[in-house]
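The following exercises concern the arrangement of strands and helices in a protein. Please study the sequence and the structure before reading the solutions.

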Amino acid sequence: MSAAADTPDPVERHPLAPDASFDGGDLDCGGGLLLLIRRHIDPLAPGGLLEIRSTEPTVEVELPAWCRLTGNELVSWTKDGDQRSYLVSKGPLAARTEAPPAAPAPLANPSAAEVHIPAELPAPAPAPAIAPLSVMGIGSWPRPRWMLQAMHDHLEGRLGDEAFHETADDAVRLALDAQRRAGVDVVTDGEQRRDDYASFVGGLLDNCQLIPLSDLTAMVDDPDEFQRELRALDVPAGDVRHPVVHGPLGRSRPLAAHELAFVRAHTEAPVKVALPGPYLLTRTMWLDCLRERPYETRDDLAVDVVRVLREEVHALLAGGAALVQFDEPVLTEVVYGEGGAKRSFMCGALGEKLAPDRELAFAADLLREVVCGLPAERLGLHVCRGNWTPDESAALSGDYRPLLGFLGDAPVGAVFLELCTPRAGEMELLRELPEEKRIGVGVVNPKSPAVEAPEAIRDRVARAVSLFGEERVLLTPDCGFATFADNPVASTRAAEAKLAAIVEARDSLRSA
């Protein structure tokens, strides 16, 4: 054995021929090599073989460690002077079939692409008004099993864009049909094309790449500490893809405008589109633990996050979205996330965090910059305490008192809040919010498999109306039904039944 524990000695030649190969030059694992590996290994079938050529000495230690962490197998490696060649199997080598898969097309190195900034942004177009007591989902909807397979195949390069979107179109149609049957007033596309509620953006922006969270271990300053934090994460680190920025962020293709266009072609109902908020995206993409970063500071990154989100919001409002909702669940981690793992809020809080008052001020500034000059009545903000597991005890707990100032000042016309679960505290606190702000009241718990009785929902709706007035109240579940595509908190049947129960409760209150 070599000096690195569990690393085999080099051999004279590889025992098997690779299915794909690339030259990483002198890149180390923290300086871009892992991004290249992920680009080349993802399209391979299980047991597919990737040859990695490298002149960087540290890869001898870091690559075997990466293989162990990610479940891939280092089959062999060779050394000839400074030149090294590593043969890695995607997953266990035992999964390899007798007829090796065809090699994918060569992939370009992750060099920074040129960023194009539009000279002007489109103005909002008219959209249907959202009536008081309208019922709607928060955003996500459980994906069919075949949609999940298509999503993984697309993420890993085995399914092209056209085939992926044809499959996703079918999944969106099913989500829309379920919402129509439930009788909702405002529809979403169910986020069927997204692997999760936030990091999907990283797969669409220029100079950003999605990699499994476990890949980051070889890219950080303190791998042992990072591994300890990963073990405390909300979902398995190998199952979640995380955006890694390798150059200036740009938006050369839409983030959600294509989703909106498809939905509007299939319904006359008002359409809501959810986007990760600017604070959430900045916290997600700013990995202070990385050895090499394209931005000097988190503030520098935030400037470009704001720019690309602003471009997208303008496109959505110009495309006729009745409501654009910014998801900022990590705000509750800001005020209630002390203790436990430092980086463990829905895999969206991996970066640095300052004192709560400074973080809230930073988040407020970012949101103001994104929506400056846009109509508040077409904008919303969603806050919850985590939505990755049915286990209520695993999520954060605490009322909205520390966030009242932020929510009241937010330049949006509606706030959509988790309020059904006791973890969210008392609804009465929200009477301090400005009277011009509508309140999307969570009246069912998406994490509970039991469908709430319409009578119980009606009581919650009546309570909200007595506190805020009917004109200000909108009705929703506490959160989405499938925040993470692979980890839905509800079945499709339960999701439809819960929305239908809200509609029945609202209608019975109106007719009383």
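Three exercises with worked solutions follow, and they refer to a predicted model.

**Exercise 1.** Determine the order of the strands in the open sheet of 6 strands, and state which are the edge strands.

*Solution.* Step 1: the order is β7-β8-β9-β10-β11-β12, with parallel pairing. Step 2: β7 (272-276) and β12 (473-477) each pair on one side only, and they are the edge strands. Step 3: from one strand to the next, the twist averages 25°.

**Exercise 2.** Follow the pairing from β7 to β10 and identify residues that stand opposite each other.

*Solution.* Step 1: β7 and β8 are joined in the parallel sense by 5 bridges, and Val 273 stands opposite Val 324 in β8. Step 2: β8 pairs with β9 in the parallel sense over 4 bridges; here Asp 327 stands opposite His 382 in β9. Step 3: β9 (residues 379-383) also pairs with β10 (residues 414-417), in the parallel sense and over 4 bridges. His 382 stands opposite Phe 416 in β10.

**Exercise 3.** Explain why strand β8 (residues 323-327) is described as largely enclosed, and state which way its side chains point.

*Solution.* Step 1: a residue counts as buried under 20% relative accessible area. Step 2: 5 of the 5 residues of β8 are buried, so the strand is largely enclosed by the rest of the structure. Step 3: in a regular strand the side chains alternate between the two faces of the sheet. Step 4: in β8, Leu 323, Gln 325 and Asp 327 point one way, whereas Val 324 and Phe 326 point the other way.

Definitions and conventions. Residues are numbered from 1 along each chain as its sequence is written. This is a predicted model: local features need pLDDT of at least 70, side-chain atom pairs count only at pLDDT 80 or more; totals for chains, interfaces and linings use all residues. Side-chain values use heavy atoms; hydrogens and water are left out. Two strands pair if DSSP finds at least two bridges between them. Helices (H or I, at least four residues) and strands (E, at least two) are DSSP runs, numbered from the N terminus. Axes are lines fitted to C-alpha atoms, for helices over the stretch in contact, and angles run from 0 to 180 degrees between N-to-C directions. Buried means under 20% relative accessible area, exposed over 50%, partly exposed in between (1.4 Å probe, protein chains only).
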